[in-house]
Amino acid sequence: MDVLRPALININGRIYRRNAIKEENYEEKEDDFYQDERPEYEELETDEVCESHLIEQTDKGFRCAIDVPSVLYKYIIGKKGETRRRLESDTKTSINIPKLGIEGEIVVTGAQKNAVSSAVTRLEMLIDGYRRKQPFTHFLSFALNDSQVQEGFHAFKATVLEQFSQDSGVDDSIFQNPSKLHLTLGTLVLLNETEVNKACDHLQEFRHVIKDLTEGKPLPLEVMGIEYMNDDPAAVDVLYAKVNLKDGSDRLQVMADRLVEHFVSAGLMVREWDRVKLHGTVMNTLFRKDSTAEDGGGPGRRNPRDREAFDARNILKTFGSHRFGEFDLSCVQLSQRFSTDCTGYYSSAGSVSFA
């Protein structure tokens, strides 16, 4: 991190500067469940006013309830309860957290409204920091597992293994499951049913934009040609198929970019690139150790040193313009990571049809 240009984060419309700190790691034991690795933030404004939650006045003072997924409780409690005690002491409030595994609201109470507001703001910063460390659970996707595309993929895979299995790092384990061929538009960390429902609702809100872009019709796609992600074709981790609309328009790119913007603006997704890279992974070295792995970028990514690259030079020369197939894309899906439906594709938490 550049200390002169630290990362800025937006939490419910308020801007914070993320400060670099040294985190102390320790081996987590069964009786030492909580961690206390605190992401630290410096607010760019001098006050700590909570504007995103309702603070109610009660007979004893003030009260504010916030929804927090139960998997994040341990970070708010901290090692042996230290984080919660520190927050309560610093803000002169009381923080009531539901029991582990029970979904509910964290309730902050205090004698002064500004104290409750300050405590809630600090809780939001903690929650945001630890949420960013969680591996993604869902992703927006366009399915590419049409039967014609799968046939083209099988032909590609068979020829590669027949002709180039002697090339460094090339073997059967790094090929995508043809039933799960897809385009990833963006990843989401949804930690309970409430957050999944919120994301589904947000996807449905985008229906009118999709209808306008598609004119209420499926989009004819062509999957043809391959490309690699990194700079050295002799040491590749991801090889992907290129996807384009048959009419040559940019409607698919526009839809992908606007979908991501829609979810980023709602705080459901973290922007990683200026534009979505439309690609359908066909070979990925993450699959070498785990056939169910997904490299969606962002939180939860594996260390590149854990990956064994492969030499793709001969594959690129032979299949640079390989035609996998064409089909009509009919919907966008909110797909669940590490899942499988009856067709072999990822289970869908929600979807919007183009027609």
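1. Is threonine 93 buried or exposed in this model? The model is a predicted one, and in it threonine 93 counts as buried because its relative accessibility is 9%, where buried means under 20%. This residue is found in strand β6, which covers residues 93–96. Setting aside residues up to four places away in sequence, threonine 93 touches Leu87, Glu88, Val108, Thr109, Gly110, Ala115, Val116 and Ala119. Its side chain also makes a polar contact, at 2.7 Å, with the side chain of threonine 91.

2. The residue lysine 92 deserves a separate look, since it lies in the loop between α2 (82–91) and β6. Lysine 92 counts as exposed because its relative accessibility is 68%, and the cut-off for that word is over 50%. A reader who follows the backbone here should also note that phi of lysine 92 is near 55 degrees, a positive value in a residue other than glycine. Phenylalanine 338, which has its place in the loop between β14 and β15 (348–353), likewise has a phi near 55 degrees, again a positive value in a residue other than glycine.

3. Turning to the chain as a whole, its secondary structure comes to eight helices and 15 strands. Of its 355 residues, 47% count as buried. Among contacts between residues at least 6 apart in sequence, 73% join residues that are at least 24 apart.

4. The largest nonpolar core has 57 residues, and those with the most contacts inside it are Phe156, Leu239, Leu252 and Ile315. Helix α7, which spans residues 251–265, provides the largest share of this core, namely six residues. Apart from this core lies another, of 29 residues, among them Phe62, Tyr75, Val120 and Ala143.

5. What does phenylalanine 156 touch, not counting residues up to four places away in sequence? The list consists of Phe175, Ile226, Leu239, Val282, Met283, Ile315, Phe319, His322 and Phe324. Two of the names in that list, Leu239 and Ile315, also appear beside Phe156 among the residues with the most contacts inside the largest core.

6. Empty space is the next topic. Rolling a probe the size of a water molecule over the atoms shows where empty space is left. A search of the whole structure finds one cavity of 30 Å³ or more, and about 50 Å³ of space lies in the largest cavity. The residues that line the largest cavity are Leu144, Val149, Leu181, Val223, Ala241, Gly280, Val282 and Phe324. This lining divides into seven nonpolar residues, one polar residue and no charged residues. Val282 and Phe324, which belong to the lining, are also among the residues that phenylalanine 156 touches.

7. Alanine 158 lies in helix α4, which runs over residues 147–164. This alanine counts as partly exposed because its relative accessibility is 44%, a value that falls between the 20% limit for buried and the 50% limit for exposed. Alanine 158 and aspartate 172 are 14 residues apart along the chain, and their C-alpha atoms are separated by 9.4 Å.

8. Serine 179 is found in the loop between α4 and β9 (182–188). Although it has its place in a loop, serine 179 counts as buried, because its relative accessible area is 18%. Leaving aside neighbours within four places in sequence, serine 179 is in contact with Asn145, Gln150, Thr343, Gly344 and Tyr345.

9. A second serine, serine 330, lies in the loop between β13 (323–329) and β14 (331–336). Serine 330 counts as partly exposed, because its relative accessible area is 35%. Serine 330 and phenylalanine 354 are 24 residues apart in sequence, whereas in space their C-alpha atoms are 5.3 Å apart. Phe354 is also one of the residues that serine 330 touches, along with Pro218, Val352, Ser353 and Ala355, when residues up to four places away in sequence are not counted.

10. Finally, lysine 246 lies in the loop between β11 (238–245) and α7. Lysine 246 counts as partly exposed because its relative accessibility is 47%. Not counting residues up to four places away in sequence, lysine 246 touches Pro220, Leu221, Glu222 and Glu326. Lysine 246 and aspartate 328 are 82 residues apart in sequence and 9.8 Å apart in space, taken from C-alpha to C-alpha.

Note on methods:
Residues are numbered from 1 along each chain as its sequence is written. This is a predicted model: local features need pLDDT of at least 70, side-chain atom pairs count only at pLDDT 80 or more; totals for chains, interfaces and linings use all residues. Side-chain values use heavy atoms; hydrogens and water are left out. A nonpolar core is a set of buried Ala, Val, Leu, Ile, Met, Phe, Trp, Tyr and Cys residues joined through side-chain atoms within 4.5 Å. Buried means under 20% relative accessible area, exposed over 50%, partly exposed in between (1.4 Å probe, protein chains only). Helices (H or I, at least four residues) and strands (E, at least two) are DSSP runs, numbered from the N terminus. Contact means heavy atoms within 4.5 Å. On a 1 Å grid over the protein atoms alone, a cavity is a set of points where a 1.4 Å probe fits but cannot get out, and a pocket is an open set with protein on both sides within 12 Å along at least five of seven lines; lining residues have an atom within 4 Å of a point. Grid points are joined across faces, edges and corners, and a volume is the space filled by probe spheres set on the points. Ala, Val, Leu, Ile, Met, Phe, Trp, Tyr, Cys and Pro count as nonpolar, Asp, Glu, Lys and Arg as charged, and the others, Gly among them, as polar. A polar contact is a pair of N or O atoms within 3.5 Å; within protein, one must be able to donate a hydrogen and the other to accept it, and residues adjacent in sequence count only if both atoms are side-chain atoms.
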